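This briefing goes with the sequence and model shown below. It is meant to be read next to them.

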Amino acid sequence: MPDNLLPNPSTNPETLLAAEPEVDAALAADAPIASVVVSYPASSLAWALLADEAWGRGATVESYAYARVGYHRGLDALRKAGWRGVGPVPWSHEPNRGVLRSLFALRRAAEAIEEPGEAERLTQFLDGADPAAAEAIARG
């Protein structure tokens with residue numbers, strides 16, 4: 001009998017989210033981010049971009065709120081794709097980037113409003129999903 005009954009994260013398959021061609025097309029057409037969110041509210045990428053836009057304006061609390069929605073939409077998508085709370089969500093798979101960017105934006109805003117427990121938890125989640133994601137997002 002094994003000593004550890006918890007699943008081994010290294011044995012969990014990668015979670016690969018489905019592409020969002022409509023969202024990609026709207027973004028490529030330079031539609032305002034808020035209108036993309038209104039048209040595709042389930043898109044964690046659209047929410048992450050809205051969080052980034054708010055962050056760029058110095059609207060930290062707004063950014064936090066948008067990133068929180070993107071995070072929850074991302075969790076919904078991950079679960080729908082078979083994710084069970086652990087395992088890789090690779091940055092290299094472009095459709096995964098919305099949820100990873102939402103995690104990053106939420107962590108950034110949580111740090112800014114001095115919510116250290118949340119920031120630490122989000123860092124662990126992001127690093128567990130893909131250790132290279134945070135650096136890739138920070139590079140832009």
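The notes below cover the overall fold, the salt bridges, some buried positions and two loop residues.

The model is predicted. Its protein chain contains seven helices and zero strands. Of the 140 residues, 41% count as buried. The structure holds six salt bridges, and three of the pairs are described here.

**Overall fold**

- Read from the N terminus, the elements of the protein chain run α-α-α-α-α-α-α.
- The radius of gyration of the protein chain is 15 Å, which agrees with the value near 14 Å for a compact globule of 140 residues.
- Along the principal axes, the C-alpha atoms fill a box of roughly 55 × 35 × 25 Å.
- Taking contacts between residues at least 6 apart in sequence, 62% join residues at least 24 apart.

**Surface and charge**

- About 7,900 Å² of the protein chain is exposed, and carbon and sulfur atoms supply 55% of that area.
- The chain carries 12 positive and 19 negative side chains. The centres of these two sets lie 3 Å apart.

**Salt bridges**

- Side chains of opposite charge can pair when their charged atoms come close.
- R108 and D52 form a salt bridge, with 2.9 Å between the closest N and O atoms. This pair links distant parts of the chain, since R108 is in helix α5 (residues 97-112) and D52 is in helix α3 (residues 44-56), 56 residues apart.
- R108 is buried because its relative accessible area is 17%, under the 20% cut-off. Its partner D52 has 25% relative accessibility and so counts as partly exposed.
- E118 and R121 meet in a salt bridge at 2.9 Å, N to O. Both lie in helix α6 (residues 116-129), and because they are three residues apart there, about one helical turn separates them.
- E118 is buried, with a relative accessible area of 12%, whereas R121 counts as partly exposed at 33%.
- E135 pairs with R139 in a salt bridge whose closest N and O atoms are 3.1 Å apart. The two residues are four apart in helix α7 (residues 133-139), so they are separated by about one helical turn. E135 and R139 are both exposed.
- Salt bridges that share partners also join D52, R101 and R108 into one network.

**Buried positions**

- T15 sits in the segment before α1 (21-28). Its relative accessibility is 5%, so T15 counts as buried.
- Leaving out residues up to four places away in sequence, T15 touches L78, A81, W83, P88, V89, P90 and N96.
- S44 belongs to helix α3 and counts as buried at 7% relative accessibility.
- The residues that S44 touches, not counting those up to four places away in sequence, include E20, G70, R73 and G74, as well as G98, V99 and S102.
- S44 and A132 are 88 residues apart in sequence, and their C-alpha atoms are 19 Å apart in space.
- S63 is placed in helix α4 (residues 60-80). With 0% relative accessibility, S63 counts as buried.
- Beyond its neighbours within four places in sequence, S63 is in contact with A51, A54, W55 and R108. R108 is also the residue that forms the salt bridge with D52.

**Loop residues with positive phi**

- Most residues other than glycine have a negative phi.
- D30 is not a glycine, yet it has a positive phi of about 60°. D30 lies in the loop between α1 and α2 (33-39). The relative accessible area of D30 is 68%, which is over 50%, so D30 is exposed.
- E114 is not a glycine either, and its phi is positive at about 60°. E114 is found in the loop between α5 and α6. At 68% relative accessibility, E114 counts as exposed.

How values were computed
Residues are numbered from 1 along each chain as its sequence is written. This is a predicted model: local features need pLDDT of at least 70, side-chain atom pairs count only at pLDDT 80 or more; totals for chains, interfaces and linings use all residues. Side-chain values use heavy atoms; hydrogens and water are left out. The radius of gyration is taken over C-alpha atoms; the globule rule is 2.2 Å times the number of residues to the power 0.38. Buried means under 20% relative accessible area, exposed over 50%, partly exposed in between (1.4 Å probe, protein chains only). Contact means heavy atoms within 4.5 Å. Accessible areas come from the Shrake-Rupley method with a 1.4 Å probe; for residues, only the protein chains shown count as cover. Lys and Arg count as positive and Asp and Glu as negative; His and the chain ends are not counted. The place of a charge is taken as NZ of Lys, CZ of Arg, CG of Asp or CD of Glu. A salt bridge is a side-chain nitrogen of Lys or Arg within 4 Å of a carboxyl oxygen of Asp or Glu.
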